[in-house]
Amino acid sequence: MSIMQTLNLLIPLISLLTIIILIFIFGNKVISLPLYELATIGLLGYKTLSSVNSINIYFGNLARLSGSLSPLFEIFSIKKVKNKKLIKDDIKEIKLKDVGYQYEDSNIINNLNFTFYKGKVNLIIGPSGKGKTTIASLISGLQKPSSGKLIFQLENNKIYPSSKYEFKIGYLTQNVYLFNDTLKDNLILGEQISDKKIWRTLENVNAKTFVKNSGGLLQNVQESGKNFSGGQVRRLGIARMLLLNSKVLILDEPLSGLDEENKNLFLNLILKLYN
């Protein structure tokens, strides 16, 4: 903005000075400038210097904040990864074969072999920092294994490696994020989904009553869903996964931070979805 202001001031200043110089050179006589012309040149020059000073200040701030900006430039320079092909058929099994994941110098997971079967609720238990969330991130495609491979097997026993293929996975993180917009937009994320299907899904996750009582689908959601309780936010998160036709649901510590009543409600919800 300062650069544009400076240019806007420099153009008339340079034009005026150029005309005077040309008259002086080719007119073969001394020019006596009226007071208003001198005042105009002086004013334009002063404003130009002010704008140039603003440019110096802004570039100085950029130099001073370069350490804070460097992570942004690193993000912008990330090369685009070739899109994987989407598996539209139902998944029968998800197999982890000798899967390892290394973060910096630490082996979070080492030679993990496991199979997740369709129609089963699989529970991964362990202390914090032992790789539970990492396993979820590997299956969902947010992370790539450092070694070994993930395989998706279909009903017809056809096998697809995760390095080339992906499928729709609903991942309910520990902190479900709702953004400042209507509840409907939070649920459908830009997809074309009818209100009838949304209400039916909300009913399936025991969320229809509180959504209707709090203002319906077009009510405004506060940033991070602050106008809903923790249990309500997680039920809305599951509704969002179901509306996006997820083939597999991953719930990362879904009971964390909930009171006993909400824990029981959520466990009953999982049982209902499983059945």
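Let's start at Lys132, a residue that is buried yet makes no salt bridge. In this predicted model, the nearest side chain of opposite charge belongs to Glu253, 4.5 Å away. A salt bridge needs a side-chain nitrogen of Lys or Arg within 4 Å of a carboxyl oxygen of Asp or Glu, so this pair does not count as one. What Lys132 does have is a backbone partner: a polar atom of its side chain lies 2.9 Å from the backbone oxygen of Gly126. Leaving aside residues up to four places away in sequence, Lys132 touches Ile124, Ile125, Gly126, Pro127 and Glu253. Its place is in helix H4, which covers residues 132-140.

From here, let's turn to the strands. Strand E4 (residues 147-154) pairs with strand E2 (residues 91-103) in the antiparallel sense over 7 bridges, and Gly100 has Ser147 of E4 as its bridge partner. E4 also pairs with strand E5 (residues 159-161), again antiparallel, over 3 bridges; here Ile151 is matched with Pro161 of E5. E4 and E5 form a hairpin with 4 residues between them, and Asn157 in the turn has a positive phi of about 70°.

Now for the interior. The largest nonpolar core has 25 residues, and those with the most contacts inside it include Leu187, Phe228 and Ile238. Helices H5, H6, H7, H8 and H9 each give two or more residues to this core, with H8 giving the most, at 6 residues. Ile238 touches Leu172, Val205, Leu251, Phe266, Leu269 and Leu273, not counting residues up to four places away in sequence. Apart from this core lies another, of 20 residues, among them Val99, Ile139, Leu150 and Tyr171.

Definitions and conventions:
Residues numbered from 1 in each chain as written. Predicted model: local features only at pLDDT ≥ 70, side-chain atom pairs only at ≥ 80, totals over all residues. Heavy atoms only, no water. Buried < 20%, exposed > 50% of the residue type's maximum accessible area, 1.4 Å probe, protein only. Lys, Arg positive; Asp, Glu negative; His and termini not counted. Polar contact = N/O pair within 3.5 Å; in protein donor to acceptor, adjacent residues only side chain to side chain. Contact = heavy atoms within 4.5 Å. Pairing = 2+ DSSP bridges. Core = buried A, V, L, I, M, F, W, Y, C linked by side-chain atoms within 4.5 Å.
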